[in-house]
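Here are some short exercises to work through with the model open. Try each task before you read its solution.

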Amino acid sequence: MLTPKRRDATIYPTSDGKPMAETDLHRDQMIGLILALQDHFRDREDVYVTGNLLMFYEEGSKHRHLSPDVMAVFGIPKHERDDYLMWEEGKAPDAVVEITSKSTRAEDLGHKKELYRAHGVREYYIFDPLREYLPAQLQGYRLVGGEYILRRGTRRLVSRVLGLELRVVNDVLRLYDPKSDRLLPVPAEVFQQWRQERQRADTERQRAEAERQRAEEATQRVVELERRLRELEGA
């Protein structure tokens with residue numbers, strides 16, 4: 001049997017020392033998309049969704065890496081990783097989303113875009129939540145014949161890779177599922193749904209308890225009436 005190679009953390013670190021996101025808005029948008037996609041593909045063991053994870057693309061070099069805000073990879077096992085070594089996984093991500101800003105503009109449209117194209121990322125999306133420089137706020141690229149074809153939508157773009165639609169709703173990037181005809185829920189909506197379901201469950205328990213108490217009281221009244229009837233018959 002082959003012995004797996006031991007990973008040297010000094011060669012492939014798990015952090016680049018940079019903050020997770022530029023602002024709270026960028027962070028929340030990134031986390032919302034990651035969690036929505038992870039939940040959507042929860043029953044698929046061959047779909048790995050993550051974000052803000054160092055992705056190394058040249059074996060033996062600790063400097064050759066990217067950190068996509070959101071990425072989805074099809075055809076690899078779903079499990080936690082410290083980093084993403086492209087040569088070990090055997091492929092690049094299939095879809096990447098970057099939550100862009102003025103300070104990351106040059107990298108998102110230049111260095112990152114070129115590396116994603118060169119390594120075969122099939123779909124690349126850029127979202128500008130603060131409307132700082134993208135005219136349409138959302139734009140995407142699809143890999144065709146080894147080159148990226150620009151796709152600029154007004155407020156929505158269809159992802160063939162994900163089987164979903166990317167939609168801008170009130171300056172927030174959301175994911176729409178055409179099969180269920182609904183937006184994938186974000187964490188706040190999931191929490192709100194959980195609270196409503198818990199409240200409904202509590203209401204049902206209270207109603208059931210009230211019914212049980214009424215039934216016990218009715219039974220007690222019947223028993224008392226039977227006792228009094230027996231007393232009257234005896235008299």
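**Exercise 1: around Asp-108**

Task: list what Asp-108 is in contact with, leaving aside its neighbours within four places in sequence.

Solution: Start with contacts (heavy atoms within 4.5 Å): Asp-108 is in contact with Glu-98, Thr-100, Ser-101, Lys-113, Tyr-124, Ile-126 and Tyr-133. Next, pick out the polar contact (a pair of N or O atoms within 3.5 Å, one able to donate a hydrogen and the other to accept it; residues adjacent in sequence count only if both atoms are side-chain atoms): the side chains of Asp-108 and Thr-100 make one at 2.7 Å. Last, check the charge: Asp-108 is buried (under 20% relative accessible area, 1.4 Å probe, protein chains only) yet has no salt bridge, and the nearest side chain of opposite charge, Lys-112, is 4.0 Å away. A salt bridge needs a side-chain nitrogen of Lys or Arg within 4 Å of a carboxyl oxygen of Asp or Glu.

A word on the ground rules: this is a predicted model, with local features needing pLDDT of at least 70 and side-chain atom pairs counting only at pLDDT 80 or more, while totals for chains, interfaces and linings use all residues. Residues are numbered from 1 along each chain as its sequence is written, and side-chain values use heavy atoms, leaving out hydrogens and water.

**Exercise 2: helix 1**

Task: compare the expected span of helix 1 with its end C-alpha atoms.

Solution: Take 1.5 Å times one less than the number of residues. For the 17 residues of helix 1 that should give 24 Å, and the end C-alpha atoms are 24 Å apart, so the two agree. Now look inward: the buried residues of helix 1 include Met-30, Leu-33 and Leu-37. Finally, follow Leu-37, which touches Val-49, Val-70, Leu-162, Leu-164 and Leu-175, not counting residues up to four places away in sequence.

Technical notes. Buried means under 20% relative accessible area, exposed over 50%, partly exposed in between (1.4 Å probe, protein chains only). Lys and Arg count as positive and Asp and Glu as negative; His and the chain ends are not counted. Helices (H or I, at least four residues) and strands (E, at least two) are DSSP runs, numbered from the N terminus.
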